[in-house]
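Biologist: Please choose one part of this model and describe it closely, explaining each term as it arises. I should then like to see how that part relates to its surroundings.

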2 protein chains.
Amino acid sequence: MSRLQAQTVETMVGENGLKMTPQRRIIVEYLQSALNHPTADEVFHAVNEKFPMTSRATVYNTLNWLKGSGLISEVFEGGVVRYDPNTSNHHHFVCRKCGKVEDVGAELVGAFQLEQAAALLGSQKVENFEITIRGLCADCRTA
Amino acid sequence: MSRLQAQTVETMVGENGLKMTPQRRIIVEYLQSALNHPTADEVFHAVNEKFPMTSRATVYNTLNWLKGSGLISEVFEGGVVRYDPNTSNHHHFVCRKCGKVEDVGAELVGAFQLEQAAALLGSQKVENFEITIRGLCADCRTA
DNA sequence: CAAACTGTTTAGACTCAATCCAAACCTGGA
DNA sequence: TCCAGGTTTGGATTGAGTCTAAACAGTTTG
């Protein structure tokens, strides 16, 4: 799986007795197009520009459903919860100064593999892992 | 640096124009003795058993000061913020079922080194990294 | 020894994110 | 078109965390 796909969502909706609504469609579209990792509040405002009167409850309902379905994931950095529409195997770089969260492709961290993690821990069952790298982003480094 | 040391705290207190108070001492003692990763609420209740009338503000003040001084760190898992008195280079295993957070020694993940991370990312300045491994803990695996 | 100074604690008010709820509404199938 | 059941709404509610003013404690100064 890679980025959030509208097609995937439409399919899952039908298979789970759920209904596709305009609000849900717009939330999914916004997440698809987002290049960063939006907060629930950013989603709320973006959705309301295209579809006024959308309540926060709807935004949270949809985000939680997508999260539960594994179509998006949650990232917590700097005391703020963000949503990540990229569910492909990847990791994060967090800037200590500006707080920006950047994606790091899994191919870049080939040195650490899931099989290795599984071998390291005896009694636990390892399913996946994620790496958070911290430092200064390109902009803050030069500034 | 490894586990939170009372000695270290006493020293830092003096060097920063801060005062060591009974409340702070008890909070530090509790964190030292904690085997898990307590929440702010757990710290609040534990401290109040030994020193009643300690307010939440004091607990948060102390936790934030310790965090700012790098003596403890914050972990966010399952929608809950926890504090980690172990500041040695280590990583975390999170159980998908019960939510428990276990420490994983850095020596176990030797395959991935900070130098490698630095080489992978071009323009960013890498300072440190942490790995979160997910799966089923020993208890939940057998149950 | 007391006053003054500085940093701390307290309790409660306050903020903000997130959830809950009942009533109105909409979607998809018959 | 009608109906049943899932969904949306907006307001109330919860809960973590912060802020504030007043009381307090430890130190230093006169």
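Modeller: The expected span of a helix is 1.5 Å times one less than its number of residues. Helices (H or I, at least four residues) and strands (E, at least two) are DSSP runs, numbered from the N terminus. The model is predicted, and local features need pLDDT of at least 70, side-chain atom pairs count only at pLDDT 80 or more, while totals for chains, interfaces and linings use all residues. Residues are numbered from 1 along each chain as its sequence is written, and chains are lettered from A and ligands numbered from 1 in the order in which they are written.

The part I have chosen is α4(A), which comprises residues 56-68 of chain A. With 13 residues, α4(A) should span 18 Å, and its end C-alpha atoms are indeed 18 Å apart, so the expected and modelled values agree.

Which residues of α4(A) are buried? They are A:Val59, A:Thr62, A:Leu63 and A:Leu66; a residue is buried if 20 or more other C-beta atoms, placed from the backbone, lie within 10 Å of its own, exposed if 12 or fewer, and partly exposed in between. These four cover an arc of only 100 degrees around the axis and therefore lie on the same side of α4(A); the arc is that of the directions from the helix axis to the C-beta atoms. An α-helix has 3.6 residues a turn, so residues three or four places apart point the same way.

The buried residues of α4(A) pack against α2, α3 and β2 (80-84) of chain A. Packing here rests on contacts, in which the C-beta atoms of two residues, placed from the backbone, lie within 7 Å. On the face of α4(A) turned away from the buried side are the exposed residues A:Ala57 and A:Gly68.

The two ends of α4(A) may be considered next. In the loop between α3 (40-50) and α4 of chain A stands A:Met53. The phi of A:Met53 is near 75 degrees, which is positive although the residue is not a glycine. Most residues other than glycine have a negative phi. A:Met53 counts as exposed because 7 C-beta neighbours lie inside 10 Å. In chain B, B:Met53 likewise lies in the loop between α3 and α4, with a positive phi near 75 degrees. B:Met53 is exposed too, since it has 7 other C-beta atoms within 10 Å. Beyond the other end, α4(A) is followed by A:Gly70, which has a positive phi near 75 degrees.

The surroundings of α4(A) include DNA. A residue is near a strand of DNA if its C-beta atom, placed from the backbone, lies within 6 Å of it. DNA strand C is surrounded by 23 residues, and the closest are A:Ala40, A:Ala57, B:Thr21, B:Ala57 and B:Thr58. The elements that give two or more residues to this surface are α3 and α4 of chain A and α2 (22-33) and α4 of chain B. The most, four residues, come from α4(A). By class, the surface near DNA strand C has nine nonpolar, nine polar and five charged residues. Here Ala, Val, Leu, Ile, Met, Phe, Trp, Tyr, Cys and Pro count as nonpolar, Asp, Glu, Lys and Arg as charged, and the others, Gly among them, as polar.

DNA strand D has 19 residues around it, of which A:Thr21, A:Ala57, A:Thr58, B:Ala40 and B:Ala57 come nearest. Two or more residues each are given to that surface by α2 (22-33) and α4 (56-68) of chain A and by α3 (40-50) and α4 (56-68) of chain B. There the largest share, four residues, belongs to α4(B). The classes near DNA strand D are seven nonpolar, eight polar and four charged residues. A:Ala57, an exposed residue of α4(A), is thus listed among the closest residues to DNA strand C and among the nearest to DNA strand D.

Finally, α4(A) may be placed within its chain. Chain A has six helices and five strands, in the order α-α-α-α-β-β-β-β-α-β-α from the N terminus. The C-alpha trace of chain A spans about 45 × 45 × 25 Å along its principal axes. Of the 143 residues in chain A, 24% are buried. Far from α4(A) in sequence is A:Leu121, in the loop between α5 (114-120) and β5 (125-136) of chain A. A:Leu121 and A:Asn61 are 60 residues apart in sequence and 36 Å apart in space, C-alpha to C-alpha.
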